[in-house]
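Trainee: I would like to go through this model step by step, with the reasoning behind each value. Where should we start?
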Amino acid sequence: MGLVNALRGTDLTPDEEQAIASLEGTLPEGWTFKELRNRLVGRRPVKHRTYGAVVEGPDRTVVAMALGGVEAVRAIASAVPGPAATSLQWAPPPIAPASREFREPWAAQTRSPEEEAARAAAIELLPEGAVLSPADEERFGPLTVVGVTVHMPDQTGIAAFGLDAASAFSALAARLGGELPVTDVWFPET
């Protein structure tokens, strides 16, 4: 069972189990904790570990994305009492690449003219030598999110997320242009 949970991204640490138990003890009537999942978004050497916590209530589903499982569960706890400020895009904090070696740029794998245009706009803003990954889809509860990562020449990694590939590349362009602030938690529109 451990291997299956690890592959699904549902293996929980003791701290995550405690945070979930604490959340479940405070959820209002009619609310149910559904899952905490972690997924790797992007391509080597820059992969972004993304955690998503999901709760369902009588009138809405709330999804919180964060860099850690405990943080995602705590974010859910703060959002259940009232509507969370949702958005279509997310710029998480920078990430450390798994390797200092740059890979060759990935071939474009776009699926629509909108995605191609958004990707091209993001590429225009990238510094010379940056390596952009293709869009990577991951599922969290009822929601599919798409992330893109970039291995920057200064050895940092950055990521951007949206609800589809065009939105993810557009989020990257907005992040690079200073229009999308970096935040620790994201409540995507569901």
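Trainee: How many bridges join β1 to β2?

Mentor: Keep in mind that this is a predicted model. Strands β1 and β2 run antiparallel. One facing pair is phenylalanine 33 and valine 55, the latter in β2. The number of bridges joining β1 to β2 is 11.

Trainee: What is the order of the strands in the open sheet?

Mentor: Strands of a sheet pair through backbone hydrogen bonds, either parallel or antiparallel. Here the pairing is antiparallel, and the open sheet has four strands. β1 (32-43) and β9 each pair on one side only, which makes them the edge strands. The order is β1-β2-β3-β9.

Trainee: Which residue in β3 stands opposite alanine 53?

Mentor: Strand β2 covers residues 46-56 and runs antiparallel to β3, with six bridges between them. The connection from β2 to β3 is a hairpin through four residues. In β3, the residue opposite alanine 53 is alanine 64.

Trainee: Which residue in β9 is the bridge partner of alanine 66?

Mentor: β9 consists of residues 185-186, and β3 pairs with this strand in the antiparallel sense over two bridges. The partner of alanine 66 in β9 is valine 185.

Trainee: How many of the six residues of β3 are buried?

Mentor: A residue counts as buried under 20% relative accessible area. Strand β3, residues 61-66, is mostly covered. For the protein, buried residues make up 47% of the 190 residues. In β3 the number buried is five.

Trainee: Is proline 93 buried or exposed?

Mentor: Proline 93 sits in the loop between β4 (89-90) and α4 (113-125). Leaving aside neighbours within four places in sequence, its contacts are Leu67, Arg175, Val182, Thr183 and Asp184. The cut-off for buried is under 20%. Proline 93 has 15% relative accessibility, so this residue counts as buried.

Trainee: How far apart in space are proline 93 and alanine 66, C-alpha to C-alpha?

Mentor: In sequence, proline 93 and alanine 66 are 27 residues apart. Their C-alpha to C-alpha distance in space is 9.8 Å.

Trainee: What is the phi of glutamine 155?

Mentor: Most residues other than glycine have a negative phi. Glutamine 155 is not a glycine, yet its phi is positive. This residue lies in the loop between β7 (143-151) and β8 (157-162), and at 17% relative accessibility glutamine 155 counts as buried. Its phi is about 75°.

Trainee: What is the radius of gyration of the protein?

Mentor: The protein has five helices and nine strands. For 190 residues the globule rule gives 16 Å, and the value for the protein is close to that, so the protein is as compact as a globular protein of that length. The radius of gyration is 17 Å.

Trainee: What share of the contacts with a separation of 6 or more comes from residues 24 or more positions apart?

Mentor: Contact here means heavy atoms within 4.5 Å. Among contacts with a separation of 6 or more in the protein, those between residues 24 or more positions apart account for 60%.

Trainee: How far apart do the centres of the positive and negative side chains lie?

Mentor: The protein has 16 positive and 25 negative side chains. Each set has its own centre, and the centres lie apart by 6 Å.

Conventions:
Residues numbered from 1 in each chain as written. Predicted model: local features only at pLDDT ≥ 70, side-chain atom pairs only at ≥ 80, totals over all residues. Heavy atoms only, no water. Rg over C-alpha atoms; globule rule 2.2 N^0.38 Å. Buried < 20%, exposed > 50% of the residue type's maximum accessible area, 1.4 Å probe, protein only. Lys, Arg positive; Asp, Glu negative; His and termini not counted. Charge placed at Lys NZ, Arg CZ, Asp CG, Glu CD. Pairing = 2+ DSSP bridges.
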